Amino acid sequence: MTNAFRQFFAAREGCPDSRIPRSELWIGTDALVGLGFTDDLRGHIAFRRRWGMDTLMLPMSHDKTYSQSCGYRFFNADEVAEARTLSHVPVGVIVDGPFQRYLAGRDFLAAMAAFAGRENDVAADLAAEAHKRLALVATALRTGAALVIIADDIAWQAGLYLGPEVTHRMLGPLYIDMVSLVRAAGALPLIHSCGAVGPFLPQLCSYGFLGPAGCEVQAAELLRIGRKCGPDYIMLAGIDGNLLETGRLTPAHRSEFQEAVSALAASESFMATSSCGLRSVKNAENLRRLYELLDAVPRPHGAVHQ
């Protein structure tokens, strides 16, 4: 079966007049309800259609329906399967990664200290979390999800929490297992992390991830990374979360945004996506304004796959 996202990208190849595609990973309850939509599957589909998004991305979980701290809901396997019937755009899922789940419910500083003092115990805990994540990914793939984003916040603004060597040693094998499962099903694996993850993205691509989804990485760095990661590189990027929070989009904001997106649009496998999702009505309204600016950005003739 042809992957729905690959089919979408292929249909755009050689069509410079087609608009820049757009996607969002997370749509929060406050944004939906504040704009008159219900926070359920049909409400998410209706919102994304109204805003003109080209994909339907659904955070997925076995055991919970809502994240109080993040302000958005999760969807189960039945809902993801139904989404493929109700929606006329490619459907992807977002699954929390093993590091993120390991930290959940633990004291952050104590959990970080454990990596230095009890690495074997931590490795066992991470492996147990990864086993649960693999089961959820397998369930997602059975629904026919065409793209799987592993959301694992392994970095903060100063860099990787664990440093590149420990991250590679302790998380690399777990990521390879997850990516292998996704690829074997014909789906596309992407990685999300908050923070300064850019320098580590080539390593993540070496595990089999095809590129970043909603990472806090600037356009020039994304393009440099793409040249290292090869022709299958995919970018869901380009919308700085600060632009969604601003009270007014200034001419400088508009110019910087259009310049960055114009550079990224040289790739056929680029979708304009924010690094933070939509948590509020203000976020959603600012996104609508940015989409208007997107419509005015010409795609370079001869746009190519990275």
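A disulfide here is a pair of cysteine sulfur atoms within 2.5 Å. That cut-off comes back in the cysteine view below.

**View 1. The whole fold, as a predicted model.** What you see is a prediction. The protein is built from 13 helices and 10 strands. Measure along the principal axes and the C-alpha trace covers about 55 × 45 × 40 Å. A compact globule of 306 residues would have a radius of gyration near 19 Å, and the protein comes out at 19 Å, so the two agree. Looking at who touches whom, take the contacts with a separation of 6 or more: 73% of them join residues 24 or more positions apart.

**View 2. Inside, outside and charge.** How much of the protein is buried? Of its 306 residues, 54% are. On the outside, the protein exposes about 13100 Å², with carbon and sulfur atoms supplying 52% of that area. As for charge, there are 29 positive and 32 negative side chains. The centres of these two sets sit 3 Å apart.

**View 3. Cysteines around Cys-194.** How many disulfides does a search of the whole structure find? The count is 0. Cys-194 shows the point nicely: its closest cysteine sulfur belongs to Cys-215 and is 8.1 Å away, which is too far for a bond. For scale, the pair would have to come within 2.5 Å to count. Cys-194 is partly exposed, because its relative accessibility is 27%. Cys-229 also falls in the partly exposed class, with a relative accessible area of 24%.

**View 4. Gln-7 on helix α1.** Here we're at helix α1, which runs over residues 4–12 and contains Gln-7. Is Gln-7 buried, partly exposed or exposed? With a relative accessible area of 49%, Gln-7 is partly exposed, given that exposed needs over 50%. Now pan across to Gly-117: 110 residues separate Gln-7 from Gly-117 in sequence, and their C-alpha atoms are 48 Å apart in space.

**View 5. Ser-61 in its loop.** Ser-61 belongs to the loop that links β1 (56–59) to β2 (66–67). Sitting in a loop doesn't put Ser-61 out in the open: the residue is buried, with a relative accessible area of just 6%, and the cut-off for buried is under 20%. Which residues does Ser-61 touch, leaving aside its neighbours within four places in sequence? Its contacts are Phe-74, Phe-75, Asn-76 and Leu-136.

How values were computed. Residues are numbered from 1 along each chain as its sequence is written. This is a predicted model: local features need pLDDT of at least 70, side-chain atom pairs count only at pLDDT 80 or more; totals for chains, interfaces and linings use all residues. Side-chain values use heavy atoms; hydrogens and water are left out. Helices (H or I, at least four residues) and strands (E, at least two) are DSSP runs, numbered from the N terminus. The radius of gyration is taken over C-alpha atoms; the globule rule is 2.2 Å times the number of residues to the power 0.38. Buried means under 20% relative accessible area, exposed over 50%, partly exposed in between (1.4 Å probe, protein chains only). Contact means heavy atoms within 4.5 Å. Accessible areas come from the Shrake-Rupley method with a 1.4 Å probe; for residues, only the protein chains shown count as cover. Lys and Arg count as positive and Asp and Glu as negative; His and the chain ends are not counted. The place of a charge is taken as NZ of Lys, CZ of Arg, CG of Asp or CD of Glu.
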